[in-house]
Amino acid sequence: MCTPAAGRGRVRLNVGGRVFETTAATLAGAGRDSMLGAMLDAAWNQGAEGEGEGVAEYFVDRDPECFAVLLDLLRTGGLHVPPQITEGALCREALYYGLLDRVRAARWGEFEGDRLRLAASVAGRAPGDGTAVRAAPDGGCCVAHGGVVRVYNWMLEERRPVYLDHAPVNDAAYLDEATLLVAARERPGRRDGGVAAFSALTGDLHHRFRIAHDRQIRSFTPGALAFDHRCKIFASCKGRFNEYGIGVWDYNTGDQADFFYEPPGCALGDADKLQWLDGTNTLMVTTMFPRTDNSFISLLDFRDKNVAWSWSDVGTPASLEDKHVLHAIAMEDGRSVCVINQYDDLGFLDLRNNAVGVRWRSRSKLTTRKKTHNEETCYPKLAAHDGQLFASTNDTISVFSGPDHILTSTLRGSDAGAICDFSIGGDRLFALHNEENVFDVWDTPPPPVI
Amino acid sequence: MSSQKKRSSRIEPFRHRVETDPNFFEKAWRKLEDAIGEIYNHNASGLSFEELYRTAYNMVLHKHGPKLYDKLTENMKGHLQEMRTSIEAAQGGLFLEELQRKWDDHNKALQMIRDILMYMDRTFIPTNKKTGVFDLGLELWRDTIVRSAKIHGRLLDTLLDLIHRERMGEVINRSLMRSTTKMLMDLGSSVYQDDFERPFLEVSASFYSGESQRFIECCACGEYLKKAQQRLDEEAERVSQYMDAKTDEKITAVVVKEMLANHMQRLILMDNSGLVNMLVEDRFEDLTRMYSLFQRVHDGHSTIKSVMTSHVKETGRNMVTDPERLKDPVDFVQKLLNEKDKYDSIVTTSFSNDKSFQNALNSSFEYFINLNNRCPEFISLYVDDKLRKGMKEANEEAVETVLDKVMMLFRYLQEKDLFEKYYKQHLAKRLLSGKAASDDSERSMLVKLKTECGYQFTSKLEGMFTDLKTSQDTTQGFYAASSDLGDAPTISVQILTTGSWPTQPCSPCSLPPEILGVSEMFRGYYLGTHNGRRLTWQTNMGTADIKAVFGNGSKHELNVSTYQMCVLMLFNLVDCLTYRDIEQTTAIPAVDLKRCLQSLALVKGKNVLRKEPMSRDISDNDNFYVNDKFTSKLFKVKIGTVATQKESEPEKMETRQRVEEDRKPQIEAAIVRIMKSRRVLDHNSIVTEVTKQLQPRFMPNPVVIKKRIESLIEREFLERDKNDRKLYLYLA
């Protein structure tokens, strides 16, 4: 056994020829389920016990530069990467030692809307406009454009893209960090498209979700996607034979669980956004101008197949400057819906009260829209996260806080045109710009040391 | 479009396949294979973890993941097959130990193999949805060893045999059992359940089915329950020692079903030792055990309850209908109270004060107490007895508890108004004769009745107390106002409000002139101070203290009733009187006079008069003399009246009739109240409503209600509906 010499608890590591000296306690911080943890475990050091008079020494045949960074991470919890080390090399080494999760945790902190920094701008390569960006729960994201969904891991390295028959993608959603749902358009005479689940890691197709009407499998075009916390997947569907409505599947079995046929006067099949509301066990379906002439929002209760609440701007007097609701988001308390119009006005709808009009906020011009700007503008979009409200208008994202939704921050990133979509998840915000498919990654810096 | 431009400007590097070594995989795998072999041989000290980890890393990096995974599976299977052979070869008792040893070896090896292949575990396995290395090792162990043809059955049999031996009293190696079941649990809850738990439960069921059959043939109920309890405790202890905690509930259910549920009726109803026997003999411990054990059986408690209820009802019925017991009302009520105490303590100590048992008990008592319509009278008599003389020996608190208990019985009574009648009579007697032992106790009883039945019930009883109080003041006022009374006897007058007191019509007797004078003066005083009142003397209720000097010179003070005083005063003038003389002079009703003379002349030790002839009965021609030879040790002699406490048969009839008569207006009032609010109602609804309203006081007879309705129709309070004869209308 070890003598109570100065070497007790000390470990010497020879990494690629450079000797590091540290303590067993520091390395134990890596956890038993890491390469370093296993190497120091008693099971692998049975022989060394007898002669180990001084400091135990291990040889590791890896790059010492990267190891220095990772050892520093274990010692301090902070990540300081010298400029000569590339991101790829660091991640590769972290993966070798089983420390990748720690590197990620040290990269960015818990999401705070008012402390966001532009962490990266990733240039897309695909031609054409991006349709949607979706944040993955682990900090990665995917961008849908045309017939492809491009998948990025949290290091923003591109993985294998996802295709569904190369059909144009309408929506995508992360069921979990390894599973990506894709909704693709059916093309005339091709019987392709539909909803499918892919592995976000490999891009492999796991399952296609089918729809049957009267026990006959029919092709369909899905619009928007959503899922609840009991593995039910929802999609707004348009069938070839006027079968409009919301399709429901059980993710565990992969089978169709339900179909909510569109009642007259209720636009469901055309919906461009679905949102599951946990508090009321309802699905919010929004069908917006300009996809349809009138904007329509409804809450569906699938337990008794009932439209629990609905609102439409049909019959609103045209004198109100012809405001069109362009996007809507149910607030997290489940009591109201926030909407936005083409003049970037925010408004609210009370979900506890049927047949109530939009309460527009008095003069809430977010940014002075550059009217002179000639380039194509995008419709504004909304998101709610942790009590804050986010609105994308032109090339800026505005952050509103507090119960009265006061503007507290504005985010303006790449000069790549207007923001056509943005998404929050995995403690990051992804904003997809209209031109050249550039997307910006915003995150919160890790808490300062002092 | 733009990306194409970019690509054209870049120079494509010369793509050559960097195939390192065609035998790279084989070489690398051999290295790992050797290492795994050393690990299984407990010879890992020479291995370099870093080298092995790097080797495995490189294999995965060079896309050999699938091949590596397959090789690993194959390799581990091989090692496990070797282990299987050695386990199979283990003899008898060594089998489990060998299995356990190999399991430990495999676990240790598996941990190290996983360490080597950690990189594959992190990258290749999640992307390809394969089972992780550690879980793969467990699955292989399960399929190669635990579920192999020769071990599967043997393992189960060994475990079950050990458990059986332990049940039969042998000591087994529990830690080995614990580690074996732990192994099954580690392999997944389904392995534990399918390969051990389910067969274990089946075997247990048949074991306990047989054992319970044996026990029930030869054991008394209490003994059987003790054994069942013991078995339940044993099984719970066994589970806590070497099984999954979730098995506890299941094995308990099996034992409960086999030992208790299947024999429940037979156990509870067992002759000479079942529930009834336990109740009779106050076997609290057995009852507690029965209660707690049958709690686990569906409708176990309800069975106990119904058996107990019918037993209580049966014994109660016998008690209240036994003509022998009716002779002594006080003892009768005391018996009821004892019975109530007994069952109360059974419910509190053995049935954990279960509300439903209390309710069952209450309803049984209510049932049998009302079987005997003399109960209200007897309960009142019991209270009378306690309040009359209870104070001499017991303190107030003791009386208080007795009263509380009596109130329990009172609550069971359906004819509470009958009780009120009797209570009023008995209270009047107590108050007037000054025998009410403690004012506080009397008041406390009133408060109890008031809280139980409301203000109305006790208002008249309270009036009685008020009357006595004012009477005292009036008497004092009388003496203060009239100073010229001379040596006339002192009188104390109780002025009773008519209606509050149970007065009997009283034919006035002629009072002796001494008394007459002073009483007339009082009448004058009273009517002078109160306008518009009438005063009648209730001579049948008074008492008097007289000083008497007998012929033999002995002096005594006699405490007698008013009637007795009238009789005795006659002897101041003459020595001998015939019955007829006395009757004529005093004008006392014959029945009362006879009673009064009996008590004066025939009670031994108190016979101040002498009768000729000396017979027990009194006839018209009997002569009465002063008994000159009267002696008594006491100076004060109290001469009681020969009076029955209990009502005689005709009196009882009379009381009942009066009660029935009193009920009529109450029923009518209830009918009118109901009809006034409802306007139209059919016959049956009226009957139910009236019954509901009057229940706290008594149970009205439907026939009587019908009669009252008819009477109300005659008096045009109600009328029948012209179309529907069953409907009654209220006439305002």
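Two strands are said to pair if DSSP finds at least two bridges between them, and strands (E, at least two residues) and helices (H or I, at least four) are DSSP runs numbered from the N terminus. The model described here is predicted, so local features need pLDDT of at least 70 and side-chain atom pairs count only at pLDDT 80 or more, while totals for chains, interfaces and linings use all residues. Residues are numbered from 1 along each chain as its sequence is written, chains are lettered from A and ligands numbered from 1 in the order in which they are written, and side-chain values use heavy atoms, with hydrogens and water left out.

A good place to begin is chain A, where β19(A) and strand β20 (residues 282-287) pair in the antiparallel sense over five bridges. Within this pairing, A:W276 has A:L283 in β20(A) as its bridge partner. Both strands belong to an open sheet of four, ordered β19-β20-β21-β22, with antiparallel pairing. At its edges are β19 (273-277) and β22 (306-312), each of which pairs on one side only. From one strand to the next, the twist averages 15°, where axes are lines fitted to C-alpha atoms, for helices over the stretch in contact, and angles run from 0 to 180 degrees between N-to-C directions.

Another open sheet of chain A has four strands in the order β15-β16-β17-β18, again with antiparallel pairing. Here β15 (220-227) and β18 (256-261) stand at the edges with a single partner strand each, so one side of each is left without a neighbour in the sheet. The twist in this sheet averages 25° from one strand to the next. Strand β17 (residues 244-250) and β18(A) are antiparallel partners over five bridges, and A:G247 stands opposite A:F259 in β18(A).

Turning to the interface, 24 residues of chain B are in contact (heavy atoms within 4.5 Å) with 23 residues of chain A. The two chains bury about 2100 Å² between them, 61% of it on carbon and sulfur atoms; buried area is the accessible area (1.4 Å probe) that two parts lose on being put together, summed over both. Three salt bridges cross the interface, each a side-chain nitrogen of Lys or Arg within 4 Å of a carboxyl oxygen of Asp or Glu. One salt bridge joins B:R114 to A:D33, with the closest N and O atoms 2.7 Å apart. On the side of chain B that touches chain A, the elements giving two or more residues are α3 (49-61), α5 (94-116), α6 (118-122) and α7 (124-127). The largest share, six residues, comes from α3(B).
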